[in-house]
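User: I have a chain open and would like to talk through its sheets, helices and odd backbone angles. Can you take a look with me?

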Amino acid sequence: MQHWNEVGAGVWLYRDSCNVYAIEGTAGLLLVNAGTGAWLDQLAELPGRPVALLCTHYFRDHSSGASSAARAGIPVFVPEGEVEAFAEPEERFRRRETYLKYDNLWDLFIPITGIEVSGSLRDYDRLQLAGLECEIIPLPGATVHQVGIGIISSHDGRRIVFCGEAIHSPGRLPRVAPLQYSYNDLGGAINAYHSADVLLKHGADILCPSLGDPMLANVTGALDTLKTNLRRMCSAREGQLARLDAGENRSLIRVSDHVWYSNASASNTTYLISRSGKALAIDYGYEQRSLAFPPYSSPANRRALLHDLDQLRSQFGIEQIDTVLVSHFHDDHVSAIPVLQRLYGTQCWAVECFADLLETPAAHRFPCNSPTPIRVDKRIGLNETVQWEEFNFQFAPMSGHTRFSALIGFEADGIEYAHTGDQYFFFS
């Protein structure tokens, strides 16, 4: 019979079909991952009462016991992008494509029966649970929506991340099969590589993986070696190393003194930097590395993450994006705006002809329409001029790529600009 074992100050481990962790807070115990649920029979070994169970991702060897935990009165929290996989797996199975299916995402490994979900784990949120502040860290890899749970130990102040399958042991992942997101690529390996980089930047003192042993020392070496090995694995596949390199040492690219652009998103984002030190973005879509392929897939296979904030901070000392102008409603241009609005209160300005598509997508269900509602703070008429800081913007009708779009004209640094969205493509 398995038992709970203390592996760090205030942290207990139960070896189930995956590692199940119990973390002592000032108001009870926080559990991470569910395994088969066998640990429920040994709760008396723990020093307190479980007040919540957090799942890092939907794989069945991690989630099966969540239904038993919910029936025992323990609230279950799951990644926001995987709520349906936990709560309504029958519906996911019913809608699953079979013929001409070119993605290899492990969606057959979701729970078999529905689990009562008490709450979702939204990227970048900080939740107060069991008297602990829990930071939700996006760690795409084994699944597109995998998360890590970051806490600061109430016993010794050390930074601990419960990181799911982002790492198994120094330099290793627990399994590589889930990393082949589509028929011809290793999109999951690209994500795993950059998730290792996210963990490095987080500065954790301890990593607690869901498969493997807790890493109590030399976390940096473990993650650096993992990145080296993932790079070696990707090196034999055409284009994969280029995708790895594209995410390293990013910087915004100068167009003129106050106009910069980024290719870190699935669609380019243009930035205007005002004299007062504010940033305006034109379009703000998926972070390029976190978009599962093939790209024309269900919302459950896509994830909108922040991008370029590190670059704005390091290059201009700017901590947030003040306003986003939208060229058109397609999800690759707007999907991450709700994240900015939730975290920073960013304004969204959009032309009247497609503002409703952003605010109430369920009422329209247009192709390529992001399903997450976006608050439109300023509605702009075509041929209207609006001002942000020292810049004036003119909006003109434009159809072709989509008639629900606008050409955005402005002048900066003595140069007249026309932002055309996806109306024209230029390849070199």
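Analyst: What follows goes through strands, helices and a few single residues in turn, and please keep in mind that this is a predicted model.

User: Let's start with the sheet at the beginning. What is the order of its seven strands, and is the pairing mixed or uniform?

Analyst: The seven strands form an open sheet in the order β1-β2-β3-β4-β5-β6-β7, and the pairing within that sheet is mixed. Its edges are β1, residues 5-8, and β7, residues 119-121, each of which pairs on one side only. From one strand to the next, the twist averages 30°.

User: And how do β2 and β3 pair?

Analyst: Strand β2, residues 11-15, pairs in the antiparallel sense with strand β3, residues 19-25, and five bridges connect the two. To fix the register, you can look at Tyr14, which stands opposite Val20 in β3.

User: Switching to helices: how do the axes of α5 and α6 cross?

Analyst: Helix α5 covers residues 187-202 and helix α6 covers residues 219-234, and their axes come within 9 Å while crossing at roughly 160°. The two helices are therefore roughly antiparallel to each other, an angle over 145 degrees being what counts as such. The crossing itself is left-handed.

User: Which residues meet there?

Analyst: On the α5 side the contact involves Ala189, Ile190, Ala192, Tyr193, Ala196, Asp197, Leu199 and Leu200, and these meet Thr220, Leu223, Asp224, Leu226, Lys227, Leu230, Arg231, Met233 and Cys234 of α6. Sorted by class, the contact has twelve nonpolar residues, one polar residue and four charged residues.

User: Why would spacings of three or four keep turning up in a helix?

Analyst: An α-helix has 3.6 residues a turn, so residues three or four places apart point the same way.

User: OK, what about α10, which residues there are buried?

Analyst: Helix α10 spans residues 337-344, and Ile337, Pro338, Val339, Leu340 and Gln341 are buried in it. Among the elements that cover these buried residues are β17 (323-325), α9 (331-334) and β18 (347-351). After α10 comes Gly345, with a positive phi near 70°.

User: β17 is in that list, so what does it pair with?

Analyst: β17 pairs with β16 in the parallel sense, over three bridges, and within that pairing Ala281 has Val324 in β17 as its bridge partner. Strand β16 is also joined to strand β15, residues 269-273, by four bridges, and that pair runs antiparallel. There, Thr270 has Ile282 in β16 as its bridge partner. β15 and β16 make a hairpin with five residues between them, and Gly277 in the turn has a positive phi of about 90°.

User: Are the faces of β16 covered or open?

Analyst: Both faces are covered, with Ala279 and Ala281 buried on one side and Leu280 and Ile282 buried on the other. In a regular strand the side chains alternate between the two faces of the sheet.

User: Which non-glycine residue has a positive phi of about 75°?

Analyst: That is Asp283, whose phi is positive, about 75°, although it is not a glycine. Asp283 is found in the loop between β16 (279-282) and α8 (309-316), and it is buried, with a relative accessible area of 0%. For context, most residues other than glycine have a negative phi.

User: And Arg365, is that one buried or exposed?

Analyst: Arg365 is exposed, with a relative accessible area of 67%. Its phi is near 55°, again a positive value in a residue other than glycine, and Arg365 lies in the loop between α11 (352-359) and β19 (378-380).

User: What happens in the hairpin of β22 and β23?

Analyst: Strands β22, residues 406-412, and β23, residues 415-419, run antiparallel and are joined by five bridges, with Ile408 standing opposite His419 in β23. Two residues lie between the strands, and Asp413 in this hairpin takes a positive phi near 55°.

User: Last one: what does Glu90 touch?

Analyst: Leaving aside residues up to four places away in sequence, Glu90 touches Ile112, Thr113 and Gly114. Glu90 lies in helix α4, residues 89-95, and is partly exposed, with a relative accessible area of 48%. The C-alpha atoms of Glu90 and Ile23 are separated by 32 Å, these residues being 67 residues apart along the chain.

Conventions:
Residues numbered from 1 in each chain as written. Predicted model: local features only at pLDDT ≥ 70, side-chain atom pairs only at ≥ 80, totals over all residues. Heavy atoms only, no water. Pairing = 2+ DSSP bridges. Axes fitted to C-alpha atoms, helices over the stretch in contact; angles between N-to-C directions. Parallel < 35°, antiparallel > 145°, perpendicular 65-115°, else oblique. Left-handed = near helix turned anticlockwise from the far one by under 90°. Contact = heavy atoms within 4.5 Å. Nonpolar A, V, L, I, M, F, W, Y, C, P; charged D, E, K, R; others polar. Buried < 20%, exposed > 50% of the residue type's maximum accessible area, 1.4 Å probe, protein only.
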